Amino acid sequence: MKKLIISTALIGITLIGYSQSLKESEVPVAVKNSFKKSFPDATDVKWSKEGTNEFESEFKSGKEEMSAVFDNTGTWINTETEIEVKDLPAAVQSSIRKTYPDFKIEEAELLETPDGVKSYEVEIKKGSKKHEIVVLADGRITKAS
């Protein structure tokens, strides 16, 4: 019985963080309208549902790979734009080297939010260890997982 309860709990936890692919017709009209207004030149748009009331679009804008998240009312939550690792600000790179010595930066994205604060979401790796961190332009790490 304990094994069943533990297994059920683990499945539930896994599903909470699960992203579900959607057809465009399954995305609320308010979300699609906000997206089209914000990113009129978007191509190759793919939708997914994040949690219970957030929708993420992955798309191209010109040559840039991007994603944007909206809540179910169409309110913009954030945008991520893939960038080259070499384009990370020096303070960000320095902070990562100091805090995570011997880790290699695998991927980097510019993270923009409605409050106007720009930060960088960075995936780092050392052997089989991986971390995703969020770093402000001045090098302060605000999130690590």
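A residue counts as buried when its relative accessible area is under 20%. T81 has a relative accessible area of 5%, so T81 is buried. Keep that cut-off in mind as you look around this predicted model. Its chain has three helices and nine strands, and buried residues make up 32% of the 145 residues.

**The overall layout**

- Starting from the N terminus, the elements come in the order α-β-α-β-β-β-β-α-β-β-β-β.
- Take the contacts between residues at least 6 apart in sequence: 37% of them join residues at least 24 apart.
- The chain exposes about 9,600 Å², and carbon and sulfur atoms supply 53% of that area.

**T81 and its strands**

- You'll find T81 in strand β5, which covers residues 76-83.
- Which residues does T81 touch, once you set aside its neighbours within four places in sequence? T81 is in contact with E64, E65, M66, A108, E109, L110 and E112.
- On one side of the pairing story, β5 is joined by five bridges to strand β4 (residues 64-71), and the two run antiparallel.
- Within that pairing, V69 sits opposite N78 of β5.
- β4 and β5 make a hairpin, with four residues between them. In the turn, G74 has a positive phi of about 95°.
- β5 also pairs with β6: five bridges join them, and they run antiparallel. Here T79 has E112 in β6 as its bridge partner.

**The aromatic rings**

- How many aromatic pairs does a search of the whole structure find? The search turns up six.
- One of them is F35 with F39: the ring centres are 5.6 Å apart and the planes meet at 35°, so this pair is tilted.
- F35 has 5% relative accessibility, so it counts as buried. F39 is buried too, with a relative accessible area of 12%.
- F35 also pairs with W47, this time edge-to-face, with 5.2 Å from centre to centre and 70° between the planes.
- That second pair links distant parts of the chain: F35 belongs to helix α2 (residues 29-38) and W47 to strand β2 (residues 43-50), twelve residues apart.
- Is W47 buried or exposed? W47 is buried, and so is F35.
- Put the rings together and you get one aromatic cluster, formed by F35, F39, W47, F59 and F70.

**The nonpolar cores**

- The largest nonpolar core has 13 residues. Those that touch the most other members are L88, I96, V122, I124 and I133.
- Which elements give two or more residues to this core? They are helix α3 (90-99) and the strands β6 (104-112), β7 (118-126) and β8 (129-136).
- V122 makes a handy example: leaving aside neighbours within four places in sequence, V122 is in contact with L88, I96, I105, E107, H131, E132 and I133.
- There's a second, separate core of twelve residues, which includes V31, W47, F59 and F70. W47, F59 and F70 also belong to the aromatic cluster you met above.

How values were computed: Residues are numbered from 1 along each chain as its sequence is written. This is a predicted model: local features need pLDDT of at least 70, side-chain atom pairs count only at pLDDT 80 or more; totals for chains, interfaces and linings use all residues. Side-chain values use heavy atoms; hydrogens and water are left out. Buried means under 20% relative accessible area, exposed over 50%, partly exposed in between (1.4 Å probe, protein chains only). Contact means heavy atoms within 4.5 Å. Accessible areas come from the Shrake-Rupley method with a 1.4 Å probe; for residues, only the protein chains shown count as cover. Rings of Phe, Tyr and Trp (its six-membered ring) pair if their centres lie within 6.5 Å; planes under 30 degrees apart count as stacked, over 60 as edge-to-face and the rest as tilted. A nonpolar core is a set of buried Ala, Val, Leu, Ile, Met, Phe, Trp, Tyr and Cys residues joined through side-chain atoms within 4.5 Å. Two strands pair if DSSP finds at least two bridges between them.
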